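Q: Please take a close look at one part of this protein: the surroundings of the ligand. Start with how the domains are laid out.

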Amino acid sequence: MSASAATFDLLVVGGGINGAGIARDAAGRGLSVLLVERDDLASATSSQSTKLIHGGLRYLEHYEFRLVGEALAEREVMLSIAPHLVEPLAFVLPHEPHLRPAWMIRAGLFLYDRLGGRMSLPRSSGVRLDGSRWGAGLQPRFRKGFVYADARVDDARLVVANAMSARAHGATVRTRTRFVSARREAGVWRATIEGAGGREEVTARAIVNAGGPWVAEVLGSTDAPPSGASVRHVKGSHIVVPRVHDEEHAYILQNSDQRIVFVIPYLERYSLIGTTDVPVDDWAAPRISDDEIDYLLALANGYLAKPLARSDIVWSYSGVRPLHDDGSSNPSAVTRDYLLKVEATEGPPGPGRAPVLSIYGGKITTYRKLAEAALADLAPYFPGLKPAWTATEALPGGDLPKGDRAALLASLCARYPAIPVDLLRPLARRHGTLAASVLGDASRPEDLGEAFGGGLTEREIAYLVGHEWAREPEDVLWRRTKCALPMTQGEREHAAARIRALATRA
Ligand SMILES: Cc1cc2nc3c(=O)[nH]c(=O)nc-3n(C[C@H](O)[C@H](O)[C@H](O)COP(=O)(O)OP(=O)(O)OC[C@H]3O[C@@H](n4cnc5c(N)ncnc54)[C@H](O)[C@@H]3O)c2cc1C
């Protein structure tokens with residue numbers, strides 16, 4: 001059935017983490033949902049983050065206790081519903097007495113260990129850095145530090161997993177489909193959307209505006225009045241360099257401007273360094289600036305034993321935080337909390353009032369809680385809405401044997417003995433238990449079709465096109481996988497041609 005032939009309960013605009021998370025939650029509660037994303041899923045902010053599922057240690061300095069507590073509790077939920085995409089990560093904070101005194105850091109970590117309630121991750125502690133693995137790659141002047149636990153995520157794949165779950169619960173997900181405008185008519189929304197086949201009209205009882213940085217533009221395309229809330233666009237950039245040490249932990253580095261920057265082990269062979277915080281007016285297509293590169297390199301080189309040069313940078317990316325504007329003058333101090341604004345036709349909330357709910361701010365870490373809050377706000381308009389459910393059902397691929405990545409890899413190795421473990425490991429990391437759906441009946445590496453480099457095979461491309469809405473080379477090479485990173489330019493172009501050919505046939 002085409003989208004236009006039906007009336008939907010909910011039209012979700014935007015296929016970032018918030019739109020995908022709300023579509024999943026709403027579909028599982030029995031609403032009929034249409035999600036439209038004008039580009040690819042996670043093509044904007046939700047693939048350009050620091051990729052942490054964290055409470056945000058530094059937000060304690062801004063007294064954001066509720067936000068940090070909620071995010072820490074959510075970290076536990078994410079570790080259990082998406083253990084293939086979210087994994088614990090130890091962070092080492094080298095001590096710099098002139099920047100933050102030890103008592104202050106200890107007090108912050110004491111709170112961080114406890115604010116989220118019962119935690120499965122280890123508690124923080126003081127550690128020696130000189131002569132120990134905790135100081136790997138650092139200058140020998142760093143003798144003491146602190147270690148604490150947090151988690152990291154494959155951000156783009158988390159969005160895709162939510163969209164897949166939404167679809168499994170009955171939602172319609174349409175990428176490369178732009179929300180053009182909507183008007184209220186007889187208690188419902190008549191919306192115009194535009195995809196490859198041209199413009200069409202759909203009807204929806206409610207709209208969720210999850211346009212991220214474009215939240216104001218999306219709302220402005222409806223006949224609802226402005227919400228009164230506004231967004232601050234703050235750019236953040238990252239650089240990727242060859243791995244700066246062989247250990248598993250990340251560093252959290254302090255700067256004299258009070259900002260902090262992470263150095264995170266990334267994939268097998270790289271380190272991810274970021275982020276900056278730069279207010280921007282021109283935010284639609286963010287790119288790293290020379291100043292940001294200099295800032296990140298100078299900060300890292302203040303700590304690393306082997307200095308990094310521009311020529312070490314193998315990749316960089318930038319994103320724009322759509323922060324809820326709380327009036328702070330310092331971009332690092334603007335709240336990372338979210339604000340939901342509902343506007344509906346006059347009268348008590350109820351069916352036939354055509355509400356539009358707009359999302360301001362937020363974090364990947366708390367997207368699921370944000371979705372629950374959105375559904376709570378929409379509940380009066382949908383009597384009979386089922387209760388919250390997303391905290392316990394694993395995301396697609398997340399039902400790991402014993403909740404354990406190693407056990408999954410072992411079972412894949414046993415089932416596919418002739419496929420090299422170096423091919424199975426990244427497949428398990430990307431797809432969890434659905435790796436078996438990618439591999440299917442393959443018994444030898446040749447059965448996976450052509451190998452394009454970086455661990456990408458023809459069979460995985462076909463799976464991403466057939467099951468995960470991948471259409472363009474970028475969707476496969478840089479979002480659903482990061483296989484492009486180790487590829488040569490020639491390999492990327494060759495893979496791109498194959499992706500286009502397979503997508504055309506889909
Ligand atoms: C540099 C940086 C680092 C970050 N690090 C972290 C971190 O480590 N941990 C964490 O928890 N959070 C982090 N965040 C925050 C997090 O990434 C964002 O809060 C989150 O991704 C926002 O998701 P979203 O769905 O609201 O927006 P987006 O991901 O931007 O999605 C909005 C979508 O709406 C679509 N859209 C817009 N207009 C239309 C239209 N007219 N029709 C159809 N579609 C439309 C866009 O194409 C886009 O895909 C970071 C953010 C940045 C920028």
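**Domains and the ligand shell**

A: The C-alpha centres of domain 1 and domain 3 lie 31 Å apart. Domain bounds here come from an automatic or database domain assignment. This is a predicted model: local features need pLDDT of at least 70, side-chain atom pairs count only at pLDDT 80 or more, and totals for chains, interfaces and linings use all residues. Residues are numbered from 1 along each chain as its sequence is written.

Domain 1 and domain 3 do touch: 9 residues from domain 1 and 8 residues from domain 3 make the contact (C-beta atoms, placed from the backbone, within 7 Å). On the domain 1 side, helix α4 (residues 155-168) gives the largest share, 3 residues. That side holds 5 nonpolar, 1 polar and 3 charged residues.

Now the ligand. It is surrounded by 39 residues (a residue counts as near if its C-beta atom, placed from the backbone, lies within 6 Å). The closest are Gly14, Gly16, Ser46, Gly212 and Gly236. Three elements give two or more residues each to this shell: α1 (17-28), β8 (178-185) and β16 (315-324). Helices (H or I, at least four residues) and strands (E, at least two) are DSSP runs, numbered from the N terminus. The largest share, 4 residues, comes from β16.

By class, the shell has 14 nonpolar, 18 polar and 7 charged residues. Ala, Val, Leu, Ile, Met, Phe, Trp, Tyr, Cys and Pro count as nonpolar, Asp, Glu, Lys and Arg as charged, and the others, Gly among them, as polar.

Where does the ligand lie? Domain 1 (3-45 + 157-230 + 336-381) and domain 2 (86-151 + 232-324) both give residues to its shell, so the ligand lies between them.

Definitions and conventions
Contact = placed C-beta atoms within 7 Å.
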